[in-house]
Amino acid sequence: MNEANILWVDDEIDLLKIQILFLEQKGHKVTTANNGYDAIDLVRENNFDIIFLDENMPGMNGLEVLHKVKAIDANIPIVMVTKNEEEDIMDEAIGSKISDYLIKPVNPKQLLLMIKKNVENKRLITEKTTLKYQTEFTKLGEQINMVKDYNDWIEVYKKLVYWEIELANSNDSAIDQVLAMQKDEANNAFAKYIKSNYLSWFEKSETQRPVCQTDIFKNNIFPYLDKGEKVVLLVVDNLRFDHWKILEPMIREYFTIEKEEVMISILPTATQYARNSMFSGLMPAQIEKMFPNLWSYDEEEGGKNEHEEELLQTLFERYRKKVSFHFEKIFQNKQGQKVVENIKSILNKQLIVIVYNFVDMLSHARTEMQMIKELAKDEAAYRSLAVTWFEHSALFELIKEMSYHNVKIVLTTDHGAIRVQDAVKVIGDRTTTTNLRYKQGKNLNYNKKEVFEILKPEKAGLPTSNLSSTYIFALNKDFFAYPNNYNHYVKYFKDTFQHGGISLEEMLIPLITLTNKK
């Protein structure tokens with residue numbers, strides 16, 4: 001057992017010398033306090049691994065100390081020590097998130113058990129998890145090399161996400177590097193797979209290609225509407241599959257996961273293309289041809305997703321569906337709160353579509369704001385920041401409120417994002433698009449081995465503003481940079497989250513159906 005830094009608070013601390021000596025002989029450091037005021041000062045000045053706290057003390061009792069300590073550091077394990085188990089006291093203590101409790105007189109072996117359970121537990125779990133991944137490493141590598149179709153890729157990506165989340169708090173830099181290398185290996189193989197298969201998908205029937213944005217309403221919305229069920233479609237912009245997995249436990253408290261699917265985003269993995277396709281049920285080139293007034297080219301000024309509600313109406317008309325629906329885009333928490341407040345009137349409609357833009361804004365803010373970049377310094381921190389936002393967001397409030405109504409929720413996104421590292425040079429004229437992960441233009445100069453090029457965009461369902469336009473897509477962690485002012489450009493965008501290109505993180509995205517528990 002590793003040494004633990006312990007704070008023991010008891011107004012009769014002198015009577016506990018034997019227990020304290022026992023802990024010190026076991027290699028632990030014990031600091032003592034005989035009142036709550038001193039204990040709080042000590043917590044402010046030190047980093048304790050665990051606190052043993054007497055419940056019944058004069059002046060400031062244990063429960064009062066507990067609340068104040070939690071306000072300073074909510075994560076310190078606190079074991080309440082009490083002479084009795086009065087129900088109201090223990091209910092309040094447990095409600096205040098004590099880690100455990102002991103009944104006086106305290107047995108020294110019980111103390112060791114509490115330390116092992118609350119301090120050593122994390123280390124033991126981490127060691128066991130690391131060992132499991134080391135065992136699975138070879139199997140996962142073989143699985144990556146033997147992938148045959150997109151369903152195999154979904155299984156590979158799910159396993160990589162699982163291990164990323166499991167090892168997020170390992171503090172083992174060596175194992176983190178091994179996992180990162182294995183993910184890079186997978187992304188490189190995935191890029192080759194996309195280059196070999198993507199164009200052929202659009203020559204096949206819908207049942208022979210992967211599920212993508214154009215299929216959502218037909219497969220996941222209409223069947224429920226046809227049965228008279230009320231459906232809420234939540235589109236969280238830029239919600240990666242790993243984000244979904246860390247939010248899942250919170251959502252499970254209110255909804256049952258009826259179906260967890262992973263669909264493949266169309267290229268480019270960018271809002272303009274992906275979300276317009278979702279709401280129209282059409283590929284971008286079809287939108288451009290059928291509804292030219294509802295499509296904006298990359299190089300045109302103004303918003304590129306201003307006609308989503310109109311596109312959704314055209315989808316209903318094509319399928320001859322008479323559906324009353326409410327459509328809402330939320331960019332700020334205040335807007336989300338208004339939706340929560342008006343939920344009863346909104347739920348009068350058969351379909352409620354809500355587009356939530358926070359995660360996408362978070363990734364952009366990380367690029368532009370140093371503070372956000374430091375808070376989300378790596379993948380694990382980026383996920384943690386997303387969880388913190390979600391816990392206090394109007395989106396979570398909305399989901400909780402929905403649990404009181406008889407609704408089906410379909411939760412999905414338009415695309416994911418990847419943290420880019422390596423710059424790839426590309427040269428283009430003034431009409432070339434500015435996105436870092438894909439470029440469209442008529443005079444592009446690039447190394448063909450470093451990109452996925454689509455010389456005939458119509459074969460990928462992509463529109464062109466010029467007959468000689470070409471699309472190119474960045475692979476894995478690459479991003480496009482122009483030769484002029486190259487070093488500054490690379491330094492500024494390296495290690496930022498971007499989307500538009502080809503990677504597991506951008507293309508394999510969640511499509512979740514939630515059923516009300518109540």
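Leaving aside its neighbours within four places in sequence, with which residues is Thr432 in contact? In this predicted model, Thr432 is found in the loop that runs between strand E12 (422–425) and strand E13 (438–441), and its contacts beyond the adjoining stretch of chain are with Lys439, Gln440, Gly441, Leu444 and Tyr482. The relative accessibility of Thr432 is 7%, a value at which the residue counts as buried. A contrasting loop position is provided by Glu203, which lies between helix H7 (173–201) and helix H8 (216–226) and which, at 64% relative accessibility, counts as exposed. From Glu203 to Asn435 there are 232 residues in sequence, and the C-alpha atoms of the two lie 27 Å apart in space.

The description now turns to a sheet. Five strands form an open sheet with parallel pairing, in the order E2-E1-E3-E4-E5. Strand E2 (29–33) and strand E5 stand at the edges with a single partner strand each, so that one side of each is left without a neighbour in the sheet. From one strand to the next, the twist averages 20 degrees. Helix H3 (residues 62–72) packs on this sheet, where it touches strand E3 (50–54) and strand E4, and the direction of H3 makes about 175 degrees with that of E4.

Pairing in the sheet can be followed at both of its edges. Strand E1 (residues 5–9) runs parallel to E2 and is joined to it by five bridges, with Thr32 in E2 serving as the bridge partner of Trp8. At the other edge, strand E4 (residues 78–82) pairs with E5 in the parallel sense over four bridges, and Asp100 in E5 is the bridge partner of Val79. Asp100 also belongs, together with Leu102, to the covered face of strand E5 (residues 100–103), whereas Tyr101 and Ile103 make up the uncovered face of that strand.

Charged side chains form a further part of the picture. Side chains of opposite charge can pair when their charged atoms come close. A search of the whole structure finds 30 salt bridges, and some of these connect residues within a helix. One of them joins the side chains of Lys245 and Glu248, with a nitrogen-to-oxygen distance of 2.7 Å. Because Lys245 and Glu248 are three residues apart in helix H9 (residues 241–252), about one helical turn separates them. The two partners differ in their surroundings: Lys245 is partly exposed, with a relative accessible area of 26%, while Glu248, at 8% relative accessibility, counts as buried.

A comparable arrangement is found in helix H18 (residues 394–402), where Glu397 and Lys400 are three residues apart and therefore separated by about one helical turn. Their side chains meet in a salt bridge of 3.1 Å, N to O, and Glu397 is partly exposed, its relative accessible area being 34%.

Why does the salt bridge between Asp495 and Arg419 tie together parts that are 76 residues apart in sequence? The closest N and O atoms of this pair are 2.6 Å apart. Asp495 lies in the loop between helix H19 (486–493) and strand E17 (497–498), whereas Arg419 lies in strand E11 (residues 418–419), so the pair ties together parts of the chain separated by those 76 residues. Asp495 is partly exposed, with a relative accessible area of 21%, and Arg419 is buried, with a relative accessible area of 18%. Both residues also take part in a network of salt bridges, in which they are linked with Glu164, Lys183, Arg240, Asp242, Glu379, Arg383 and Glu505.

Helix packing was examined for helix H17 (residues 379–391) and helix H18. Two packed helices are described by the angle between their axes and the distance between the axes. The axes of H17 and H18 come within 6 Å and cross at roughly 55 degrees, which makes H17 oblique to H18. On the side of H17 the contact is made by Trp389, Phe390 and Glu391, and on the side of H18 by Leu395, Phe396 and Ile399. Of the residues in this contact, five are nonpolar, none is polar and one is charged.

Methods: Residues are numbered from 1 along each chain as its sequence is written. This is a predicted model: local features need pLDDT of at least 70, side-chain atom pairs count only at pLDDT 80 or more; totals for chains, interfaces and linings use all residues. Side-chain values use heavy atoms; hydrogens and water are left out. Buried means under 20% relative accessible area, exposed over 50%, partly exposed in between (1.4 Å probe, protein chains only). Helices (H or I, at least four residues) and strands (E, at least two) are DSSP runs, numbered from the N terminus. Two strands pair if DSSP finds at least two bridges between them. Contact means heavy atoms within 4.5 Å. A salt bridge is a side-chain nitrogen of Lys or Arg within 4 Å of a carboxyl oxygen of Asp or Glu. Axes are lines fitted to C-alpha atoms, for helices over the stretch in contact, and angles run from 0 to 180 degrees between N-to-C directions. Angles under 35 degrees count as roughly parallel, over 145 as roughly antiparallel, 65 to 115 as roughly perpendicular and the rest as oblique. Ala, Val, Leu, Ile, Met, Phe, Trp, Tyr, Cys and Pro count as nonpolar, Asp, Glu, Lys and Arg as charged, and the others, Gly among them, as polar.
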